[in-house]
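Please look over the structure shown here before reading on. The report goes from the overall fold to particular side-chain contacts.

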Amino acid sequence: MAGIAHRLGSTINAAIEHARKTAIEARADLRKEVGAAANVQTRTGTKKETERYKVSTSTWWKPWTWGDTETIESTTYASYEYIATADAIERLVNYTHESAADLERTFNNIVSMSALRTDLKRALIEELNTGSQAFDPAEFRSTLEGTLNQLALPELQLDIGACSQFISSKFSGKVRSEKKREALRQTLRESLDLVLEKLLAGLDTAIQKLSSDLENARDSLEKKFTAGLQSELAQLKKDFAAQETESKRYGDLVTICRAGLAEAAVFAHSSTRG
């Protein structure tokens with residue numbers, strides 16, 4: 001039974017290690033994607049500029065027109081660069097939703113209860129087949145199933161909130177000046193970092209809960225199978241003690257029988273001589 005407990009414990013330990021390794025990879029992927037999400041593009045716009053000015057319409061040979069003017073409009077078009085606030089908000093929201101969805105899929109696939117159940121059953125059967133044929137497999141499967149039925153994998157809880165407000169509360173429309181554009185980029189980076197922190201905090205909490213639940217399941221199985229081993233050893237000691245008592249009784253009986261046979265032989269010899 002000690003071998004069974006160790007084998008099952010090793011199987012669960014492998015699941016715990018896989019969960020922690022996957023979490024590390026997920027953290028690295030999230031950080032990498034922040035850099036791409038922060039790269040908001042600058043757009044080019046065109047603005048129409050109209051200038052109005054007055055020109056003289058007087059004619060020197062027509063004194064009555066002297067002082068007359070008219071307004072002339074001059075229209076020009078100039079290009080300018082800007083960052084659309086909507087673009088920055090869209091990148092933030094997309095990163096948040098896509099990262100949260102990816103993280104949930106990753107976490108839900110870290111440990112499959114059906115796969116874990118299959119691995120543990122396989123480990124149990126292999127251990128029984130390698131030297132535990134005297135044990136009742138049904139009893140061990142029942143113990144294993146009872147422990148696994150009490151194991152409920154935690155859910156990933158991600159509380160991000162209305163992340164778009166991080167930007168919309170400070171900027172709107174087209175941000176044109178270079179100074180304000182840089183301020184918008186900085187706000188986007190800070191907002192992404194804040195979302196990242198919340199995502200990672202949710203992941204860490206879920207991984208810790210998952211690891212703790214798996215460790216408790218492992219310890220419970222090891223305790224149950226170790227208790228079974230102790231019970232078996234106690235029974236063996238009891239059986240051995242009973243066997244020793246029976247052997248002693250048998251030895252005493254043999255001694256008595258031998259003594260009786262010796263006395264009978266002496267009696268028979270005496271009778272013959274008489």
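What follows describes a predicted model, beginning with the chain as a whole.

## Overall fold

The chain folds into six helices and three strands. Read from the N terminus, the order of these elements is α-β-β-α-α-α-α-β-α. Helix H1 covers residues 2-37 and helix H6 covers residues 178-273. Strand E1 spans 43-56 and strand E2 spans 69-84, with a loop between them.

The chain has 274 residues, and 30% of them count as buried. Its exposed area is about 17800 Å², of which carbon and sulfur atoms supply 51%. Taking contacts between residues at least 6 apart in sequence, 83% join residues at least 24 apart.

## Salt bridges between helices H1 and H6

There are ten salt bridges in the structure. One of them pairs Arg20 with Glu215, with 3.2 Å between the closest N and O atoms. Arg20 belongs to helix H1 and Glu215 to helix H6, so this pair links distant parts of the chain, 195 residues apart. Neither end needs to be guessed at for exposure: Arg20 has a relative accessible area of 39% and is partly exposed, and Glu215 is partly exposed at 25%.

Arg27 and Asp204 form another salt bridge, with an N to O distance of 2.9 Å. Because Arg27 lies in helix H1 and Asp204 in helix H6, the pair ties together parts that are 177 residues apart in sequence. Arg27 counts as partly exposed at 25% relative accessibility. Asp204 is also partly exposed, with a relative accessible area of 29%.

## A salt bridge between Lys47 and Glu49

Lys47 forms a salt bridge with Glu49, and the closest N and O atoms are 3.5 Å apart. Lys47 is partly exposed, its relative accessible area being 33%. Glu49 counts as partly exposed as well, at 37% relative accessibility.

## The tryptophan patch

Which residues form a nonpolar patch on the surface? They are Trp60, Trp61 and Trp66, and together they have about 490 Å² of accessible area. Trp60 sits in the loop between strand E1 and strand E2. Trp60 is exposed because its relative accessible area, 67%, is over the 50% cut-off. Trp61, at 54% relative accessibility, counts as exposed too.

## Aromatic pairs

A pair of aromatic rings is described by the distance of the centres and the angle of the planes. The whole structure contains two aromatic pairs. In one, the rings of Trp60 and Trp61 have centres 5.8 Å apart and planes at 90°, so the pair is edge-to-face. Both of these residues also belong to the surface patch with Trp66.

Tyr80 and Tyr82 form an aromatic pair that is tilted, with 5.7 Å from centre to centre and 40° between the planes. Are these two tyrosines, Tyr80 and Tyr82, buried or exposed? Tyr80 counts as buried at 12% relative accessibility, and Tyr82 counts as buried at 9%. Both values are under 20%, which means that each residue falls in the buried class.

## Charges over the tyrosine rings

Each ring of the tilted tyrosine pair has a charged side chain over its face. Lys174 lies over Tyr82, at 4.8 Å from the ring centre. Arg176 lies over Tyr80, at 4.0 Å from the ring centre.

## Contacts of Arg181

Where is Arg181 found? Arg181 is in helix H6, and with a relative accessible area of 11% this arginine is buried. Leaving aside residues up to four places away in sequence, Arg181 touches Glu81, Tyr82, Ile83, Val175 and Arg176. Two of these names have appeared above: Tyr82 is a member of the tilted aromatic pair, and Arg176 lies over the face of Tyr80.

Technical notes. Residues numbered from 1 in each chain as written. Predicted model: local features only at pLDDT ≥ 70, side-chain atom pairs only at ≥ 80, totals over all residues. Heavy atoms only, no water. Salt bridge = Lys/Arg side-chain N within 4 Å of Asp/Glu carboxyl O. Helix = DSSP H or I, 4+ residues; strand = E, 2+ residues; numbered from the N terminus. Buried < 20%, exposed > 50% of the residue type's maximum accessible area, 1.4 Å probe, protein only. Patch = residues over 30% accessible without salt bridge, like charges linked within 9 Å, V, L, I, M, F, W, Y side chains within 5 Å. Areas by Shrake-Rupley, 256 points an atom, 1.4 Å probe, with all protein chains shown as cover. Phe/Tyr/Trp six-rings, centres within 6.5 Å; stacked < 30°, edge-to-face > 60°. Lys NZ or Arg CZ within 6 Å of the ring centre and 35° of its normal. Contact = heavy atoms within 4.5 Å.
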